[in-house]
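User: Hello! I am new to this structure and would like a close look at a single part of it. Could you take me through that part and what surrounds it?

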Amino acid sequence: NKSILLKTHSALCTLENNSFTNKKNTQAVIYIVRDPRNVITSISNHFSSDIEESYNFIIDRNKILTADKWGGKDFGISEVIGSWSEHYKSWKNIKFAPTLTIKYEDLISDTNNSLKTTLNFLKKFIDVEINNQKVSKTVESCKFENLRKMETNQGFEEAAYSEKLGKKIKFFHLGKKNDWKRLLSPEMEKKIRLTFKDEMKELNYQEL
């Protein structure tokens, strides 16, 4: 009789007749989506891959992250990711629970209101107090610069180990500087835009 918050990278899929989740154990979903043109550069850093390899990652409908490849036995269970578009559509089309979709870009440009929107959504399911002072304090403490400093001093569990470099890669890498306009070639930007044109148009990413 208690609600808990869980984070996952998995798509809402069915594997060998086993659904990732269902109405018996999911009250609601908060889905965070990000422009694939910035996802690709983030993946490139996280997995020490070049841009072409990262492109192949986000278009792979059968993509699964496995513990033995990324970080060893303690990294966690395997997660079915799929392609960027299939992942988005899998959660968007959920039938058994209400969904709040938050754009990553809004979290950066309007952090306070994005957090309040999330809290107002959660209020329908759990007891949440919306306090402006606490909201501001939370936003301040979770700034990229503060999280990056914490990772430097304490490490970060989800930082991936790079076999190429023989060390863990910084998880908090570029923050707002991760901007496809300065990091992607025009050819790759067009390639991504054409590959995911329907979903990007739906999310108003085509106009950016």
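In H1, which residues are buried?

Analyst: Happy to help! This is a predicted model, in which local features need pLDDT of at least 70, side-chain atom pairs count only at pLDDT 80 or more, and totals for chains, interfaces and linings use all residues. Residues are numbered from 1 along each chain as its sequence is written, and side-chain values use heavy atoms, with hydrogens and water left out.

The buried residues of H1 are Pro36, Arg37, Asn38, Val39, Ile40, Thr41, Ile43, Ser44, Asn45 and His46. Here buried means under 20% relative accessible area, exposed means over 50%, and partly exposed lies in between (1.4 Å probe, protein chains only). Helices (H or I, at least four residues) and strands (E, at least two) are DSSP runs, numbered from the N terminus. Helix H1 covers residues 36-46, and 10 of its 11 residues are buried, so H1 is largely enclosed by the rest of the structure.

What does the covering? The cover over the buried residues of H1 includes helix H2 (51-59), helix H3 (84-92), H8, helix H9 (186-195) and H10. Contact here means heavy atoms within 4.5 Å.

Let us begin with a charged residue inside H1 itself. Arg37 is buried, with a relative accessible area of 1%, and Arg37 forms a salt bridge with Asp35, whose closest N and O atoms are 2.8 Å apart. A salt bridge is a side-chain nitrogen of Lys or Arg within 4 Å of a carboxyl oxygen of Asp or Glu; by this rule the count comes to 10 salt bridges. Asp35 is buried too, with a relative accessible area of 1%.

The story carries on into H9, since Asp35, Arg37, Glu189 and Arg193 are linked in a network of salt bridges. Glu189 and Arg193 both lie in helix H9, 4 residues apart, which is about one turn of the helix. Their side chains meet in a salt bridge of 2.8 Å, N to O. Glu189 counts as buried at 11% relative accessibility, while Arg193 is partly exposed at 25%.

Helix H9 also has a link to H2, another of the covering helices. Glu52 forms a salt bridge with Lys191, the closest N and O atoms being 2.9 Å apart. Glu52 lies in helix H2 and Lys191 in helix H9, so this pair ties together parts that are 139 residues apart in sequence. Glu52 is partly exposed, with a relative accessible area of 38%, and Lys191 is partly exposed as well, at 33%.

Now for H10, which is also part of the cover of H1. Glu199 lies in helix H10 (residues 197-202) and counts as buried at 10% relative accessibility. Leaving aside residues up to four places away in sequence, Glu199 touches Trp84, Ser85, Tyr88 and Lys89.

From H8 (residues 180-183) we can pick out Arg182. Arg182 is exposed, with a relative accessible area of 52%.

Finally, look at the backbone where H1 ends. Most residues other than glycine have a negative phi. Just after H1, however, Ser48 takes a positive phi of about 50 degrees. In the segment after H10 sits Asn204, with a phi near 60 degrees, a positive value in a residue other than glycine.
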